[in-house]
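Got the viewer open? Let's take a short walk, one selection at a time.

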Amino acid sequence: MDDSMTIEVAGERPDVDVVVIGGGVNGAGVARDCTQRGLSVAVFERNDIAFGASGNNSGMIHGGPRYLTYDPNVTYSSCLDSGHIQRIAPHLLFRIPFLMPVHREGRSAKLALTLLDAFFDLYDKYQPLKHGKPHARLTADELQQLEPGLAGRTVGGVSFDEWGIDGVRLCVGNLVDAAEAGAEVRVHTTVTEILRREDGSVRGVRYRDLLTGQSGERTSKVVVNATGAWAPLTAALGGLVADQARIRPGKGIHVFFDRRLTNYAIAVRAIDGRQVFLEPWQNMSVIGTTDTDYYGDLDDVVATTAEVRYLIQAVARVFPAILEARAIGTWAGVRPTLYDWGPDPDGLSREHEVVDHAAHGAPGLYSMIGGKLASYRMFAEAMTDAICTRFGMQKASRTHLTALPGGEELVDPIALAEDAGIEAIAGARLEYRHGARSLRIVERLARDRREAAVVCPCEPVLEAEVRYVIAHEWAQTVDDVSRRTRLGVGACGGMRCAARCGAIVAQMTGRSPLDGQRMALDFLETAARRRMSAVGPLQARQEALSLASIRAELGSTRVIERPSGNLGPTGLGPSGGPAQPEERQSDGRPPDRVRGAAE
Amino acid sequence: VTVLVIGGGFAGVAAAWALARRGREVLLAWQGAGASALYSGALDRQQWDGPPDPRPVSRDVEEFLQTLDCWAPPGTVAARLATSGGLLRPARCRDRALLDLEPLRGRRIDVVDIARPGWDAAELARAWSASHWARQTRTQFRALGVVLPEGESLSSLPEGELAARADDPVWAHALGDVLGAAGDGQAPLLCGPWLGLLPGSAERVRARARRPLGETLSAPGGPAGFRFEAARDTWLARSGVRVQRGLAERVLPTAGGFEVAPFSGLFSEVVLAIGGVVGGGIRFLAGPVPAGRSFALSLAAPLTLRLGGREVTLESGVLGADLQSLGRDAIEQVGLLVDDDQLTQTPGLFAAGELVADRPRTALEAIYAGISAARGACRGRASINP
């Protein structure tokens with residue numbers, strides 16, 4: 001009766017059982033599992049939900065055939081959980097059929113195809129787990145028929161089946177479910193310290209809201225470090241050394257195009273033999289991905305031109321039309337792979353690991369290391385099991401049985417659009433993102449018909465959805481809305497919607513119209529910066545036009561002041577922030593627009 | 001001896017106007033629409049969000065603005081225009097259909113509130129009222145519910161189609177009556193870019209409504225660009241300037257003048273006003289084709305583009321230009337080097353508008369440049385100093 005348990009019971013009743021740091025898929029999954037098992041939870045996310053790798057990946061919960069030869073456990077668990085996710089969030093999944101052509105190179109091409117065929121025979125054993133179709137061996141003609149854009153002489157190829165998903169929506173769904181079961185969710189709120197008692201045990205966290213500047217404490221019995229690539233940094237907030245929550249950060253980039261270029265995803269080999277792909281994804285095509293060690297700023301990961309060209313070159317060899325396609329942006333994330341010195345990044349394990357820092361003198365602190373999107377739920381279950389064991393609870397996870405918000409029932413998007421009096425495409429996109437919850441969004445239209453207005457014509461996104469994600473999904477900036485709804489992601493790069501979205505966000509979050517304009521500019525600037533590495537001849541005219549049009553409407557993006565301190569992704573300081581354009585010009589600072597190649 | 005002007009935007013039309021006024025024979029050739037057709041309705045010589053421009057508008061530019069019957073004469077003070085981004089921004093000059101708030105400072109402005117996608121009058125009124133200029137001048141904005149003629153059916157019309165309605169005199173009268181009676185019948189009215197695709201339509205509505213009334217700035221592709229094009233075409237029809245549609249492919253200097261494919265004839269001088277990256281006069285090159293350069297002119301001519309003070313020469317990346325390293329601004333800075341007469345490095349060959357390096361990509365700058373090029377072309381051949 002003289003240990004820390006006594007203190008907990010007698011002295012301090014913690015605010016919550018579990019504090020989760022990180023609003024990515026692992027953090028969101030743990031929050032949901034914990035609330036389902038009756039634990040009270042608070043989640044803190046420094047940037048936004050799915051800001052890191054969870055929202056910047058290939059958008060697939062694939063079974064990982066890549067891992068089959070050296071890590072079959074990963075393939076098994078990925079396939080199994082892919083099936084579970086399909087059951088709990090059917091609206092979020094879409095089938096991505098793959099083609100893998102085998103080119104007539106060298107004398108062993110035919111043999112290679114036979115080996116590939118045999119390999120996928122093996123993979124087929126896992127397909128039922130995720131309701132996938134078995135592979136098919138295809139002749140060269142069949143390949144050409146399925147995807148006429150394929151170039152080069154092949155000996156044939158195989159088809160196989162994967163599932164696509166919007167990782168952001170998956171994270172949001174998990175957190176909404178957790179919140180509806182009582183969890184506290186705070187975004188744009190960084191943990192500044194993991195609080196520990198004299199005996200080393202964890203007693204909670206100190207946090208700071210990066211938008212308001214407010215800080216506070218949340219005491220808890222357990223703290224879960226679910227911060228992905230940030231894990232070592234987070235562990236350091238609790239006085240641990242980086243080695244104790246070590247990962248090997250692997251950067252992966254994707255380039256996206258203004259439309260769906262193919263009906264099938266195509267798996268190709270890059271110049272170094274790596275497997276990369278072109279996939280139709282939602283309403284666009286995406287190519288990916290790279291895997292390189294990354295030691296830069298995790299809050300600002302941007303694809304480089306060199307990485308973009310590596311991918312385009314690889315895809316062009318098999319699908320030359322990619323060279324004429326219009327790339328409209330890139331995204332980049334950092335995988336938190338298990339630490340290992342030596343192997344090249346592709347060879348690193350995608351397994352995950354729960355680290356109990358009791359071993360490092362910090363009982364109550366756990367780090368989730370590694371993992372991948374497809375097995376997030378299992379990882380969360382393992383983490384929650386460890387917490388329950390600590391608390392002496394014997395409740396099993398049910399996260400694979402209960403539907404995520406919106407996944408309870410299927411909604412017919414066409415009927416939804418007709419009933420709501422909106423375009424069928426708007427209805428379909430809405431239904432994809434929100435499932436049955438889309439009914440709640442169109443309910444808003446009955447109350448105020450004006451919310452049927454299309455804010456983002458590219459996607460399209462209705463005003464009702466913008467307002468809904470602000471009210472119910474913690475969106476607090478234009479960037480947040482974009483992440484949840486894909487607003488401003490299309491071909492115009494936000495030129496036609498950012499200002500309007502900024503006004504809505506500012507109005508709904510009680511901020512000034514000026515804040516809204518600033519948020520819009522910040523969003524546009526960030527999006528433009530992410531696009532630069534992929535801009536080709538077709539997109540260049542759009543870039544020039546949007547520069548001119550944004551300047552006409554909002555003023556130059558280049559004169560936005562950025563706070564020097566560590567203040568959230570929006571640059572909205574607590575003390576009023578930068579001045580508005582009319583005021584900006586009077587301070588005599590020349591706008592920085594004569595930066596050229598000579599510099 | 002004919003001068004060929006290539007480009008039907010602000011710069012090209014201003015050049016053609018100035019040449020015609022000097023008694024030169026002009027052929028104006030263009031194909032498609034560029035940045036001018038996409039402009040917002042505001043004219044500035046420098047970027048509006050930079051330091052204020054102290055230079056008065058010159059006499060000849062003022063005359064040009066009057067000749068093309070779509071702009072308000074530039075006042076001594078800058079106009080103040082409302083943007084749909086919620087800003088009140090200065091502009092040296094403006095399309096006549098736009099509401100200049102400067103003379104209305106201190107008053108209450110009613111914002112026409114109709115159901116339109118993207119037009120949230122209450123929110124815009126709030127944003128404009130909160131802006132620095134409005135607070136300083138105690139100007140207030142308020143949403144005012146109005147039912148337009150044909151009401152509901154208009155809410156689903158695309159912006160351009162709604163604006164086109166006002167070109168119909170009958171509808172314009174009905175609109176003027178509704179707007180005239182709205183609210184107290186006195187306060188100035190600010191509406192979206194809905195007052196016609198032709199110059200003059202807004203005035204008809206305004207005359208009927210008998211109160212200050214006008215539009216916000218246009219988005220790209222909005223009515224302001226249409227009104228410029230309509231004003232241009234009206235002027236061209238009575239100007240005596242010959243017009244030919246077609247895409248210039250090659251400018252070849254010969255002993256007797258310039259040959260310009262595909263246009264027949266020999267031209268004593270050529271004014272290139274083919275636009276920058278937006279207009280298509282300058283192309284950004286990237287991709288696997290070993291184009292060698294980052295930017296190129298859209299036509300063959302003995303000219304070299306410049307960027308950041310240097311010639312655009314061989315790009316060192318094997319896959320072409322890289323905007324990440326060049327910087328996004330490069331697409332607005334690249335262009336031809338010219339002297340005060342807009343003369344390029346080739347005698348007799350002039351450039352104006354967004355084709356010129358390191359000049360602001362603004363409407364008034366393009367007009368100035370077009371008129372200067374005309375002046376240069378009339379001055380006789382001279383070579384640029386390298």
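**Stop one: chain A**

Select chain A and switch on its surface: about 22500 Å² is accessible, and carbon and sulfur atoms own 52% of that area. Keep in mind as you click around that this is a predicted model.

Now swap the surface for a cartoon. Chain A shows 18 helices and 19 strands. Line the view up with the principal axes, and the C-alpha atoms of chain A fill a box of roughly 75 × 65 × 55 Å. A compact globule of 599 residues would have a radius of gyration near 25 Å, so the 24 Å of chain A agrees with that.

Colour by burial next: 63% of the 599 residues in chain A count as buried. Then draw the contacts with a separation of 6 or more; in chain A, 72% of them are between residues 24 or more positions apart. Finally, pick out the charges. Chain A has 68 positive and 75 negative ones, with mean positions 3 Å apart.

**Stop two: chain B**

Hide chain A and select chain B. In cartoon view, look for 11 helices and 20 strands. The C-alpha box here is roughly 70 × 45 × 40 Å along the principal axes. Does that go with a compact or an extended chain, and what is the radius of gyration of chain B? The value is 22 Å, which agrees with the figure near 21 Å for a compact globule of 386 residues.

Repeat the colouring by burial, and 59% of the residues in chain B come up as buried. Bring back the surface: chain B exposes about 14800 Å², 52% of it from carbon and sulfur atoms. Last selection: the charged side chains of chain B, 41 positive and 41 negative, whose two centres lie 4 Å apart.

Key. Residues are numbered from 1 along each chain as its sequence is written. Chains are lettered from A and ligands numbered from 1 in the order in which they are written. This is a predicted model: local features need pLDDT of at least 70, side-chain atom pairs count only at pLDDT 80 or more; totals for chains, interfaces and linings use all residues. Side-chain values use heavy atoms; hydrogens and water are left out. Helices (H or I, at least four residues) and strands (E, at least two) are DSSP runs, numbered from the N terminus. The radius of gyration is taken over C-alpha atoms; the globule rule is 2.2 Å times the number of residues to the power 0.38. Buried means under 20% relative accessible area, exposed over 50%, partly exposed in between (1.4 Å probe, protein chains only). Accessible areas come from the Shrake-Rupley method with a 1.4 Å probe; for residues, only the protein chains shown count as cover. Lys and Arg count as positive and Asp and Glu as negative; His and the chain ends are not counted. The place of a charge is taken as NZ of Lys, CZ of Arg, CG of Asp or CD of Glu. Contact means heavy atoms within 4.5 Å.
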